[in-house]
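Here is a short briefing to read alongside the structure. Take a moment to look it over, and then walk through the points below.

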Amino acid sequence: MTAMLTAEHLLTDLSPEERERAARVEAILPVIRDAAQEADARGAFPEGHVKLLAEAGLLGLVVPKEYGGLGGGLRDLVATTYALGTVCGSTALAYFFHCSASSRGLLPLAALEAGLYTDEEADEVRAFAERVLRLMGTDKRCLANFASEAAKASNANVLISTTATPVEGGWRLNGEKSFGCLSGTADFYLVTARRADIDGIDGISLFLVARDSEGIRPRQEWSGLGMRASDNFGLVMEDCFVPADHALAVPAGFARATSMSRGSWVGNQIAIAAIYAGIAKGAWDYAFERTMKARFADTGKPIASSPMHQVLIGEAQHDLTDMHLWLRYQVELESSDPPILPKPEVVKNWKLAKGSVCEKAFAVAVTSLKMCGTSGALMDNVIGRAVRDTAMGLVQAFPAERGRLDLAQLLVTDESWVGLTTPDAVEAKAKAGQG
């Protein structure tokens with residue numbers, strides 16, 4: 001009988017091709033597990049992990065084969081982030097930020113196929129999209145995706161205030177990115193900025209910035225509660241030059257690309273939630289095994305057999321099942337062919353799914369802590385890291401409360417948060433409201 005892969009605890013119906021890709025991930029889990037404790041203590045992404053992922057072909061996991069990748073899709077990405085999460089949440093999160101860069105190639109190509117660009121725009125769009133995908137696939141380069149900024153808008157996930165000014169031969173970028181993994185580690189950064197010469201969201205554009213470009217540096221040392229080894233230092237850009245052929249800057253070009261996403265505004269966000277589910281699964285497996293091996297001195301029975309532990313086991317199994325069901329359903333909604341539901345309904349479900357998965361993951365981590373007692377409550381062991389790492393899931397992207405509120409607003413007023421906005425778009429909306 002074929003051994004069960006870690007990914008199959010989440011997705012039980014992997015195709016032979018998906019299973020082959022999941023086996024590549026399974027092969028590197030021991031190395032990542034062995035490095036997790038020290039990486040968390042140092043607060044740095046392990047130096048050898050990029051090479052490890054590259055040699056396994058996993059930097060191109062979701063890149064089409066014609067661009068040198070493995071040809072995987074959303075199901076592969078979710079299976080991978082879940083499996084990596086069981087051994088190291090930080091590595092899983094950093095890996096997600098690399099893989100999410102593929103959407104900056106795949107979505108523009110899908111929009112081209114759908115006829116959303118003019119003939120005059122097509123060459124620039126295709127060249128940028130294919131450059132991104134070949135870097136990840138053929139060249140096995142590590143990319144990182146930067147959109148988030150410290151400034152916030154009341155009606156959007158991300159407020160883009162970083163500016164791109166046209167200059168001879170390309171663009172000058174100025175601004176700060178507050179969140180994004182692999183800062184200082186990735187070979188290239190995909191930076192979302194707004195064209196200084198175009199008002200509103202039509203000016204939002206994409207720029208591929210080499211790590212060693214002049215005028216770019218990490219924003220600040222980041223000592224997070226959890227996910228400490230993800231190199232989440234942000235970026236500062238001060239007159240950073242980007243060549244024209246490293247930009248997708250056609251007016252409204254980015255917005256047209258993201259319209260092709262099946263789920264959230266850039267797609268693949270469910271793979272973030274899968275990370276926290278994986279962390280919870282890893283913590284629970286550790287706690288259950290530990291309390292099954294440990295014995296009471298007087299009876300010789302496993303500690304897990306005590307009435308209190310039996311209650312905890314029931315609670316954990318309930319939460320694990322709920323967590324997995326939410327994930328499976330959202331993955332099915334975003335990957336089924338033909339689509340099960342129209343995009344607006346898929347987005348509504350995502351607003352509930354993200355928070356539900358992350359809350360359940362945190363609950364499982366806390367139950368694992370209770371299972372192991374004081375002797376297992378260490379800062380840097382599997383339990384300590386899981387509690388801290390899953391706590392980050394409560395706030396990353398959006399809290400569960402934000403998702404539920406947003407869904408309610410959609411149902412009642414047909415309005416909700418938007419994915420991206422710009423300061424001038426916020427100002428224009430405010431003026432319109434006053435009028």
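A residue counts as buried when its relative accessible area is under 20%, as exposed when that area is over 50%, and as partly exposed in between. By that cut-off Asn 145, at 7% relative accessibility, is a buried residue. Please keep in mind that this is a predicted model. The protein chain has 13 helices and 10 strands, and its radius of gyration of 22 Å is close to the 22 Å that the globule rule gives for 435 residues, so the chain is as compact as a globular protein of that length.

**The chain as a whole**

- Taken along the principal axes, the C-alpha atoms of the protein chain fill a box of roughly 80 × 50 × 45 Å.
- Buried residues account for 56% of the 435 residues in the protein chain.
- If you look at contacts between residues at least 6 apart in sequence, 73% of them join residues at least 24 apart.
- The protein chain exposes about 18,400 Å², and carbon and sulfur atoms supply 54% of that area.
- There are 43 positive and 54 negative side chains in the protein chain, and the centres of these two sets lie 5 Å apart.

**Nonpolar cores**

- The largest nonpolar core holds 94 residues, of which Leu 58, Leu 173 and Phe 207 touch the most other members.
- Helix 8 (residues 270-293) gives this core its largest share, 13 residues.
- A second, separate core has 28 residues, including Leu 107, Leu 112, Leu 143 and Leu 206.
- Phe 207 is worth a closer look: leaving aside its neighbours within four places in sequence, its contacts include Ala 164, Trp 171, Leu 173, Tyr 189, Leu 190 and Val 191. Also in contact with Phe 207 are Ala 193, Val 242, His 246 and Ala 247.

**Helix 5 and its end**

- In helix 5 (residues 103-113), 8 of the 11 residues are buried, so this helix is largely enclosed by the rest of the structure.
- The buried residues of helix 5 are Ser 103, Arg 104, Gly 105, Leu 107, Pro 108, Leu 109, Ala 111 and Leu 112.
- Two of these names, Leu 107 and Leu 112, come up again as members of the second core.
- Just after helix 5, Gly 115 takes a positive phi of about 75°.

**Backbone features to check**

- As background, most residues other than glycine have a negative phi, and most peptide bonds are trans.
- Met 227 is not a glycine, yet has a positive phi of about 50°. You will find Met 227 in the loop between strand 7 (216-218) and strand 8 (235-243), where Met 227 is buried with a relative accessible area of 1%.
- Asp 231 also lies in the loop between strand 7 and strand 8. Asp 231 has a positive phi of about 50° although it is not a glycine, and its relative accessible area of 6% makes it buried.
- The peptide bond from Asp 337 to Pro 338 is cis, with omega near 5°. Pro 338 sits in the loop between helix 9 (307-335) and helix 10 (343-376).

**Three residues to visit**

- Asn 145 belongs to strand 1 (residues 143-146). Leaving aside neighbours within four places in sequence, Asn 145 is in contact with Phe 97, Ser 100, Ala 101, Arg 104, Gly 180 and Leu 190. One of these partners, Arg 104, is among the buried residues of helix 5.
- The C-alpha atoms of Asn 145 and Gly 226 are separated by 20 Å, with the two residues 81 apart along the chain.
- Thr 192 lies in strand 5 (residues 188-195) and is buried, with a relative accessible area of 0%. The C-alpha atoms of Thr 192 and Phe 96, 96 residues apart along the chain, are separated by 17 Å.
- Is Glu 359 in helix 10 buried or partly exposed? Its relative accessible area is 31%, so Glu 359 is partly exposed.
- Glu 359 and Leu 394 are 35 residues apart in sequence, and their C-alpha atoms are 6.5 Å apart in space. Besides Leu 394, the contacts of Glu 359 outside its neighbours within four places in sequence are Ala 400, Glu 401 and Arg 404.

Notes
Residues numbered from 1 in each chain as written. Predicted model: local features only at pLDDT ≥ 70, side-chain atom pairs only at ≥ 80, totals over all residues. Heavy atoms only, no water. Core = buried A, V, L, I, M, F, W, Y, C linked by side-chain atoms within 4.5 Å. Buried < 20%, exposed > 50% of the residue type's maximum accessible area, 1.4 Å probe, protein only. Helix = DSSP H or I, 4+ residues; strand = E, 2+ residues; numbered from the N terminus. Contact = heavy atoms within 4.5 Å. Rg over C-alpha atoms; globule rule 2.2 N^0.38 Å. Areas by Shrake-Rupley, 256 points an atom, 1.4 Å probe, with all protein chains shown as cover. Lys, Arg positive; Asp, Glu negative; His and termini not counted. Charge placed at Lys NZ, Arg CZ, Asp CG, Glu CD.
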